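This report describes how two ligands are held and how selected parts of the backbone are arranged. The ligand surroundings are treated first, followed by helix packing and backbone geometry.

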Amino acid sequence: MRKGDGEVKFGYFDDRDREYVITQPDTPLPWINYLGCEAYFGIISNTAGGYSFYRDARLRRLTRYRYNNVPFDFGGRYVYLRDNESKEFWSPSWQPTRHELKDYTCRHGMGYSVIGSTYAGIEAHTRYFVPLGENLEIWQLTVTNGRATKARLSGFASIEFCLWDAQDDATNFQRNFNTGQVEVEDGVIYHKTEYRERRNHFAYFACSEPVGFDTQREAFLGRYRSWDKPVTVEAGALTNSIAHGWSPMGAHQVSLELEPGETKEIVFVLGYHENPVEDKFDPPGSQTINKKTVKPVIAKYLDSAEADAAFERLRSYWEKTLGVFQVNTPDPHTNRMVNIWNAYQCMATFNMSRSASFYESGIGRGLGFRDSNQDLLGFVHMVPSRARERILDLAATQLPTGGAYHQYQPLTKRGNNDIGGGFNDDPHWLIVGVSAYLKETGDWSILDEAVQYDNEPGSEQPLYEHLQRSFNYTLTRLGPHGLPLIGRADWNDCLNLNCFSDTPGQSFQTTTNKDGKVAESVFIAGLFVYAGRELAAIAEKRGLEAEAKKYIGETEKMLAVINEHGWDGEWFLRAYDDFGRKIGSKECEEGKIFIESNGFCALAGIGLEDGKAASAMDAVGKHLATKHGIVVQQPAYSKYYLELGEISSYPPGYKENAGIFCHVNPWVMIGETRLGRGDAAHDYYSRINPSAREEIGDLHRCEPYVYAQMIAGKDAPTFGEAKNSWLTGTAAWNYYAIVQWILGIRTTLEGLEIAPVIPKNWPGFTATRRFRGVAYEVAIERRGDGNSIALTVDGEAIEGNIVKAPGDGRGTVMVKGILS
Ligand code: BGC
Ligand code: NOJ
């Protein structure tokens with residue numbers, strides 16, 4: 001499947017094993033996977049590049065990685081094999097030595113990757129994964145001698161330690177070249193930089209059959225050499241170096257003498273461990289790490305039977321997690337994404353928010369408030385207890401004003417002062433996130449949890465009050481037309497209407513030099529209506545009828561304002577700038593129509609009755625939709641507009657300046673379903689579905705198994721090229737759009753609603769949904785062209801389309817729906 005052979009695929013989907021199998025190492029970009037799903041994480045590329053960290057990619061980075069390197073992806077979990085007779089050495093994962101390999105494959109699966117190949121008759125692959133519940137990763141290297149003669153080989157495995165704070169590690173060399181420290185005991189390498197003083201954690205790298213090691217990078221690589229040609233691997237012997245300062249690393253050597261046909265497995269374990277402060281050293285008073293509690297863990301996982309058992313547990317975990325929702329439709333791309341990859345990506349976005357990928361350096365951003373709340377839409381059904389914890393963490397960073405820190409650092413769970421708050425859409429996303437949680441779980445107790453404001457002890461109030469403050473935040477921040485003031489930005493981080501920046505290097509997100517009393521956002525108005533109705537429904541369920549009425553009253557008022565000042569004749573306006581001029585209007589020269597306000601208003605059901613929603617969706621179809629997805633706005637901004645901010649800083653067709661921002665496409669999909677237009681909804685869904693784009697791998701370039709944040713828009717020379725894969729709200733929103741609105745299996749406060757709006761030519765579909773302890777087996781059959789549905793539950797016809805909990809202990813319920 002080489003480029004130029006007419007094929008543009010770089011691998012294939014193995015749906016049965018839930019893997020994507022890459023068959024060519026030089027993919028257009030590194031195609032990555034995530035290891036770990038709880039506290040210990042790794043990023044791994046298809047050629048074994050990447051790094052690991054504990055909880056926080058900035059503050060607890062275990063291994064070093066150089067972003068924006070040349071070549072792109074260099075540095076990682078590298079294994080080398082050396083033929084001690086021919087003295088030749090190579091890497092079964094292609095990088096770093098880049099030999100011409102036979103049968104190279106990288107199988108990226110659910111929480112693991114297996115990378116290997118055959119070279120000179122030696123078949124070798126390494127399985128990398130993080131066992132559930134442990135702060136470590138396992139590499140299982142399997143080597144088979146396919147030759148007719150005995151093979152005398154050496155194996156090497158290497159990683160480069162990071163001195164914990166990845167930002168400091170990449171900049172503060174005058175200090176850091178002096179601080180590195182390691183210990184080596186029983187063949188295990190312990191990285192303990194700063195352990196002697198204020199840290200009580202260390203990393204380790206262990207091997208099941210070590211015969212030699214190195215811990216100083218220069219000893220391992222040799223002067224002026226890189227990972228493709230370590231002097232020690234070339235010579236066939238490590239030097240047992242002990243790092244003092246400079247660059248601590250871990251390398252192990254193993255001996256592999258293999259008879260013809262013989263297979264041998266070696267296990268490596270890389271991990272993170274913390275000791276109680278008072279028990280750091282052994283013997284007490286010494287400077288030697290106390291290894292009493294870590295040694296049994298290391299010994300356990302160096303045993304390959306234990307490693308295999310941990311791998312099986314990981315497989316079952318994913319079987320169960322994905323089993324919460326499974327579907328079978330006539331479209332294989334829908335099935336594959338919903339059943340496997342989109343759900344899997346939702347786990348990654350939940351875990352990382354936007355912090356660590358191959359495009360997010362792990363040092364730039366913590367967890368986004370708006371981002372993490374939206375991520376819950378695609379995650380909450382998989383592990384509701386973790387969603388609950390996340391909601392409480394997020395709410396604890398909310399400010400007493402109801403506003404929110406835009407981001408928080410996962411290790412400290414405190415709001416980031418660097419970026420602060422003032423993004424006026426932020427607070428409403430908390431309502432959206434909490435509502436999704438309530439609909440999934442019915443766990444009303446979360447609303448009574450006492451949660452701090454700004455992490456201040458003593459400021460605790462019930463979570464419900466946080467939601468009230470979120471809503472009220474906007475009521476006290478209305479602009480001249482009665483629309484919400486935009487603040488630093490709304491969903492579109494690059495629409496910075498109070499910034500007016502003419503100074504190079506200023507952050508568009510934190511620079512504010514206008515008083516912020518004029519620029520308004522129609523998008524926030526739509527979000528306010530949406531969130532207000534969600535909050536009203538919650539209040540009503542809590543028996544707070546007067547309050548519910550108040551919320552509805554406020555949303556009605558806002559609807560009137562939208563109708564009067566937020567409608568442009570054929571579509572919804574986007575905003576008003578600091579001069580009170582329209583943005584996203586036919587009167588504008590550029591940026592006449594935007595996706596966000598139109599998509600979100602339609603999604604919120606605004607204008608369904610009076611034709612505005614239909615008109616807006618038609619306009620989006622006419623002006624913004626392309627074959628590769630829907631662009632943010634048209635016409636693209638061709639020059640920098642001081643009063644608009646970052647949006648006009650991007651060349652036309654990229655990012656927020658008329659790129660195809662995949663996150664917001666589902667708003668239009670949902671809008672189309674609200675109009676009953678299933679063909680259009682699923683068509684938009686398919687245009688950006690990465691699996692459906694696999695065939696155009698040379699154009700798309702990013703992984704075909706996960707969404708990217710952006711696809712270049714029609715104004716860009718690279719129209720159709722995806723960028724910034726993995727960490728994007730695209731994951732949750734597409735999942736939510738296809739599952740809850742197109743397939744129409746929707747969680748509500750009352751029960752499971754079944755309201756499919758599927759393409760006309762689908763004869764139906766079946767699905768399994770585990771919901772609040774009951775397995776719903778859903779079968780939809782199309783008998784007519786429309787979207788009216790008649791439901792039976794275990795053979796009995798029901799009124800309406802909400803399936804209530806059986807309440808009589810039935811564990812499985814058959815739901816049959818006839819569409820006509
Ligand atoms: C990007 C946005 C991003 C923002 C904040 C901008 O440069 O275009 O997508 O949200 O930075 O990090
Ligand atoms: C990426 C950010 O993470 C997200 O919060 C924002 O909405 C989009 N960029 C659009 O600007």
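A polar contact is a pair of N or O atoms within 3.5 Å. The model discussed here is predicted.

**Ligand 2**

By the definition above, the pair formed by a polar backbone atom of Asp-493 and an oxygen atom of ligand 2, at 3.0 Å, is a contact of this kind. The protein buries 95% of the 300 Å² that ligand 2 exposes when taken alone. Two arginine side chains also approach ligand 2. In Arg-370, a polar side-chain atom is 2.8 Å from a ligand oxygen; for Arg-365, the separation between an N or O atom of the side chain and an oxygen atom of ligand 2 is 3.3 Å.

The surroundings of ligand 2 consist of Arg-354, Arg-365, Arg-370, Asp-371, Trp-491, Asn-492, Asp-493, Glu-656, Phe-661 and Gln-709. Sorted by class, this shell contains six charged, two polar and two nonpolar residues.

**Ligand 1**

Around ligand 1 lie Arg-365, Asp-493, Cys-494, Gln-509, Glu-646, Tyr-650, Lys-655, Glu-656, Phe-661 and Gln-709. This shell comprises five charged, three nonpolar and two polar residues. Arg-365, Asp-493, Glu-656, Phe-661 and Gln-709 appear in the surroundings of both ligands.

Polar side-chain atoms of three residues are paired with oxygen atoms of ligand 1, as tabulated below.

| Residue | Partner | Distance |
|---|---|---|
| Asp-493, side chain | oxygen atom of ligand 1 | 2.5 Å |
| Glu-646, side chain | oxygen atom of ligand 1 | 2.4 Å |
| Lys-655, side chain | oxygen atom of ligand 1 | 3.1 Å |

On its own, ligand 1 has 310 Å² of accessible area, of which the protein covers 79%. Asp-493 thus serves as a partner in two ways: its side chain pairs with ligand 1, and its backbone pairs with ligand 2.

**Backbone geometry**

Lys-655, one of the contacts of ligand 1, has a phi near 50°, a positive value in a residue other than glycine. Lys-655 belongs to the loop between β32 and β33. Pro-635 is found in that loop as well, between β32 (633-634) and β33 (660-661). The peptide bond leading from Gln-634 to Pro-635 is cis, and its omega is near -20°.

A further cis peptide bond links Asp-282 to Pro-283, with omega about 0°. Pro-283 sits in the loop that runs between β19 (263-274) and α5 (294-302). As background, most residues other than glycine have a negative phi, and most peptide bonds are trans.

**Helix packing**

Which angle is found between helix α8 and helix α9? Helix α8, residues 369-379, packs against helix α9, residues 384-396, at about 165°, and the two axes are 11 Å apart. Because angles over 145 degrees count as roughly antiparallel, α8 is roughly antiparallel to α9. Their crossing is left-handed. Arg-370 and Asp-371, which are among the surroundings of ligand 2, fall within the residue range 369-379 of α8.

Helix α11, residues 463-475, and helix α13, residues 545-565, pack at an angle of about 30°, with axes 12 Å apart. The pair is therefore roughly parallel, since angles under 35 degrees are assigned to that class. Here, too, the crossing of α11 and α13 is left-handed.

How values were computed
Residues numbered from 1 in each chain as written. Chains lettered and ligands numbered in written order. Predicted model: local features only at pLDDT ≥ 70, side-chain atom pairs only at ≥ 80, totals over all residues. Heavy atoms only, no water. Near = heavy atom within 4 Å. Polar contact = N/O pair within 3.5 Å; in protein donor to acceptor, adjacent residues only side chain to side chain. Areas by Shrake-Rupley, 256 points an atom, 1.4 Å probe, with all protein chains shown as cover. Nonpolar A, V, L, I, M, F, W, Y, C, P; charged D, E, K, R; others polar. Axes fitted to C-alpha atoms, helices over the stretch in contact; angles between N-to-C directions. Helix = DSSP H or I, 4+ residues; strand = E, 2+ residues; numbered from the N terminus. Parallel < 35°, antiparallel > 145°, perpendicular 65-115°, else oblique. Left-handed = near helix turned anticlockwise from the far one by under 90°.
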